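Student: Hi, could you walk me through this structure? I'd like to start with any empty space inside.

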Amino acid sequence: MTLRAFMHRIAVLAIFSLLLSGCEKGNPPTLVKAIAVGVPSLAPFFEENSGLGEDAVTVRTQPVRGSLQQGDTPGLYGGSKKPTVCDVTRLERFLTDPRNHAKAQAWAGVLHIGTDDIPEYLDRLTPVLLRHDTLVRNHDYKKEKAVPYNSLLQAGIAILVDEQGLPAVKCSCGNPLRPFEGDTGRISVQFEDGNKKWAGYERESVVAVKPAPRKLERVVLVDVREPARGINRPVGTTGEKDTPFDAKKRRTVPDLAGRSFAQAGQELFDAGLAAGYAGQRAPSGDAKVTATDPPAGTELPFGRYVLLTVAGGGTSDTGGTGGTDGPSGTAGTNGPTTTPPPPPSGPRTPPTSTPPSGPSGPSDSVGGRPRASSSPTPSSSSGKPGGSPSPPSSSAASGSASPERSSSRPSPPPPPPPSPPPSTTSAPLTSRPATSEPATSEPATDGPSTTVAT
């Protein structure tokens, strides 16, 4: 290589490095502070050793199929047989004590409520345990002000969630939480101040939570000690009214054709399943469901996603099927990575060929980020996967074109051609239904990443 060619290569590499540096400066990753289980906050609203909350130190983060999860997803959060993981009464006493008025003002300001509204607001919160490493907008208390910062809470940390499933309070220190508003695909996690990288941490398993489209009456949990045990926890209770259920039992996809998008989401939630949809924004609540994938009648593990196809109704600006109200706000949905739907429909194994799977959460089948792809064509909700929504028009049915009229006298007809040999009768082309049955096997480990859970 000549000196001239060498210098030219150096110049090209330098320019390329400058271009990359400029792009990075224009769109830098969001800095996120890691918060590990049991590590005290440096500037808490409430002293960590006061017994306000108790984390679960042995919970390992669960793999996910997308970084944006909706607050009503069955099994998104965990629970246990222990009566409570957060002393809400003690937190209320502390924040309503006149001696702590400055803290109460800062705390209430983060949640967009007045100090007089604190007791009523706390009564609507529900204690849960994180089952995933979760991105939030955290707040320290410094110089009588709430100082916001982005943080990643380790799975096993006890939090309070609001009526739409959004993280609201970190139990051990009382710090108020809001939804993470950055791009979940561009974060830089900092492990410092005693928060060492924990065992099981995987960048691909980090999630953020967006609000459920409606106020919940119950939060559907999975026992962090016994994953086969599900827990129905009424909103605003601390565990004393829990009712268990079998999380191993497979769930049947209901027939949702003709339902509104809002109704379909509720029916799936009641069935222990999660609703997915194509695109970055959810359809509006009145959009009509035309198909589901997998189709109606398919049996799925608890918490699995069902892709809804809708016709009309537009999209919701909040990313849900209805607006959010009150202090809950909305979660940021700027990031390109979202909760994926089930895999595309196609030839599948019959239900009898797949044995029931073990206990699973809402996203227990894969680890790693799904690759982006276009949305699959869903199966018809009538239970006939692989069929075309409507048969193609048949050219054989129309025959030849209609003869044109002529004002001139017709010429004598030509002699008739010889008779053709007999042929079979043709029929209009129609789509042939697939011969395979609806799937009950586990969803594939890679699905489109352009759909969001509702």
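Tutor: The largest cavity holds about 100 Å³ of space. A cavity is a set of points on a 1 Å grid over the protein atoms alone where a 1.4 Å probe fits but cannot get out, and its volume is the space filled by probe spheres set on the points. This is a predicted model: local features need pLDDT of at least 70, side-chain atom pairs count only at pLDDT 80 or more, and totals for chains, interfaces and linings use all residues. Residues are numbered from 1 along each chain as its sequence is written, and side-chain values use heavy atoms, leaving out hydrogens and water.

Student: Which residues are closest to the centre of that largest cavity?

Tutor: Of the 14 that line it, with an atom within 4 Å of a point, the closest are Ile 35, Pro 40, Ser 41, Leu 42 and Tyr 149.

Student: New topic: how many aromatic pairs are there?

Tutor: The whole structure has 8; rings of Phe, Tyr and Trp (its six-membered ring) pair if their centres lie within 6.5 Å. Phe 45 and Tyr 141 have ring centres 5.1 Å apart and planes at 55°, so they count as tilted (under 30 degrees is stacked, over 60 edge-to-face, the rest tilted).

Student: Are Phe 45 and Tyr 141 buried or exposed?

Tutor: Both are buried, meaning under 20% relative accessible area (exposed is over 50%, partly exposed in between; 1.4 Å probe, protein chains only).

Student: And which residues form an aromatic cluster?

Tutor: Phe 191, Trp 198 and Tyr 201 form one.

Notes. 1 Å grid on protein atoms, 1.4 Å probe; cavity = no way out; pocket = protein on both sides within 12 Å on 5 of 7 lines; lining within 4 Å.
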